[in-house]
Amino acid sequence: MELKIEGITKLYKHNTALNNFTCDLNPGIYGLVGPNGAGKTTLLRILATIIKPSKGRILINGKDITLNEDNYREIIGYLPQKLGFYRDYTVTKFLNYIGYLKDVDKNEATDKINNLLNLLNLDQYKDKKIKTLSEGIKQRIGIAQALLNNPKILIFDEPTLNLDPKERINFKNIISRLSSDKIIIISTHIISDIEYLSKEIILIQNGEKIIQNTPVEILKII
Ligand code: ADP
Ligand code: ADP
């Protein structure tokens, strides 16, 4: 699995959210770090094929995903900053519904959901209504829905934003158990949230890549 971001520019009416952004990624965990307004969400939305770039290409194993988006939703899992949850649904009902939307085979859905609930330590919440759960638990449900189609590329937009310190540690434990064959991109403006987790950190500012290197090297220069 190889992901190449080639010269991505995104222009909105009055500003340039991304400017000739280029980087190469292979399986492992990457931190996308930058201040508010740097262009993180815009980049992740382009990767998730939710919006299109004004210029540039995104190649997965050599194929440009910005051309025919539909085929790629299946190999990309995306956790947006704000998840539209079905507050009155139970956790199981919600995940079944997402499975249906993602076209997960009906015969496999129950097993997949049970495995994910187990992996994410959510077993005890499966029959609880989403509206009764804490932010940390909801975050894990969000990760479960992103993992449901067994994506090879996982994209998390500021996943630690609403978590308390204990939940942040929990999140890190869960993510470090996932990786190996997946490309995982985690955006944050707090470098300490991902410095021990990431193989590489990509610094972004004003829509431009500043540097991409190992956490050790990055921490030497900032
Ligand atoms: P980050 O996620 O790093 O905070 P964003 O990608 O949300 O950055 O935003 C990058 C820049 O693009 C900001 O200046 C933001 O105001 C602008 N922007 C983001 N979304 C839109 C939009 N839909 N329309 C116009 N400008 C946008
Ligand atoms: P982030 O926390 O990633 O910076 P924002 O809070 O800036 O995200 O953006 C929230 C929503 O507002 C997004 O849908 C984004 O596309 C939109 N948005 C952000 N900046 C602008 C802007 N300058 N003009 C129009 N829409 C914007």
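Threonine 9 sits across from lysine 55 in strand S4. That register belongs to the pairing of strand S1 (residues 3–11) with S4 (residues 55–60), which is antiparallel and counts five bridges. Strands here are DSSP E runs of at least two residues, helices are H or I runs of at least four, and both are numbered from the N terminus. Two strands pair if DSSP finds at least two bridges between them. This is a predicted model, in which local features need pLDDT of at least 70 and side-chain atom pairs count only at pLDDT 80 or more, while totals for chains, interfaces and linings use all residues. Residues are numbered from 1 along each chain as its sequence is written, chains are lettered from A and ligands numbered from 1 in the order in which they are written, and side-chain values use heavy atoms, with hydrogens and water left out.

**The four-stranded sheet**

S1 and S4 are part of an open sheet of four strands, ordered S2-S1-S4-S5 and paired antiparallel. Strand S2 (16–25) and strand S5 (63–64) are the edges; each has a single partner strand, so one side of each lacks a neighbour in the sheet. Helix H1 packs on this sheet and touches S1, S2 and S4, with its direction at about 120° to that of S1. Contact means heavy atoms within 4.5 Å. Axes are lines fitted to C-alpha atoms, for helices over the stretch in contact, and angles run from 0 to 180 degrees between N-to-C directions.

How enclosed is H1 (residues 40–47)? Six of its eight residues are buried, so the rest of the structure largely encloses this helix. Those buried residues are Lys40, Thr42, Leu43, Leu44, Ile46 and Leu47. Buried means under 20% relative accessible area, exposed over 50%, and partly exposed in between (1.4 Å probe, protein chains only). After H1 comes threonine 49, with a positive phi near 55°.

**The six-stranded sheet**

The other sheet to look at is open too, with six strands in the order S6-S7-S8-S3-S9-S10 and mixed pairing. Strand S6 (76–79) and strand S10 (208–213) take the edges, each with a single partner strand, so one side of each has no neighbour in the sheet. The twist averages 15° from one strand to the next. Here are its pairings with a residue pair for each:

| Strands | Sense and bridges | Opposite residues |
|---|---|---|
| S3 and S8 | parallel, six bridges | Gly28 and Ile183 |
| S7 and S8 | parallel, four bridges | Leu154 and Ile184 |
| S3 and S9 | parallel, four bridges | Tyr30 and Glu200 |
| S9 and S10 | antiparallel, five bridges | Leu203 and Ile211 |

Leucine 32 also stands opposite serine 187 in S8.

Strand S8 (residues 183–188) has six of its six residues buried, so it is largely enclosed by the rest of the structure. Ile183, Ile185 and Ser187 are buried on one side of S8, and Ile184, Ile186 and Thr188 on the other. S3 gets the same verdict: six of six residues are buried, so the rest of the structure largely encloses it. On one side of S3 that covers Gly28, Tyr30 and Leu32, and on the other Ile29, Gly31 and Val33.

**Cores and helix packing**

Which residues touch the most other members of the largest nonpolar core? Among its 40 residues, they are Val91, Leu95, Ile141, Phe156, Ile175 and Ile186. At least two residues each come from S3, helix H2 (91–101), helix H3 (106–119), helix H4 (135–147), S7, helix H5 (165–178), S8 and strand S9 (200–205). H4 contributes the most, with six residues. Another core, apart from that one, has 27 residues, including Phe21, Leu32, Ile202 and Ile204. A nonpolar core is a set of buried Ala, Val, Leu, Ile, Met, Phe, Trp, Tyr and Cys residues joined through side-chain atoms within 4.5 Å.

Beyond its neighbours within four places in sequence, valine 91 is in contact with Leu117, Tyr125, Lys126, Lys128, Ile130, Leu133 and Ile141. Val91 also takes part where H2 meets H3: Val91, Thr92, Leu95 and Asn96 in H2 meet Ala109, Ile113 and Leu117 in H3. The axes of H2 and H3 come within 10 Å and cross at roughly 125°. That makes H2 oblique to H3, where angles under 35 degrees count as roughly parallel, over 145 as roughly antiparallel, 65 to 115 as roughly perpendicular and the rest as oblique.
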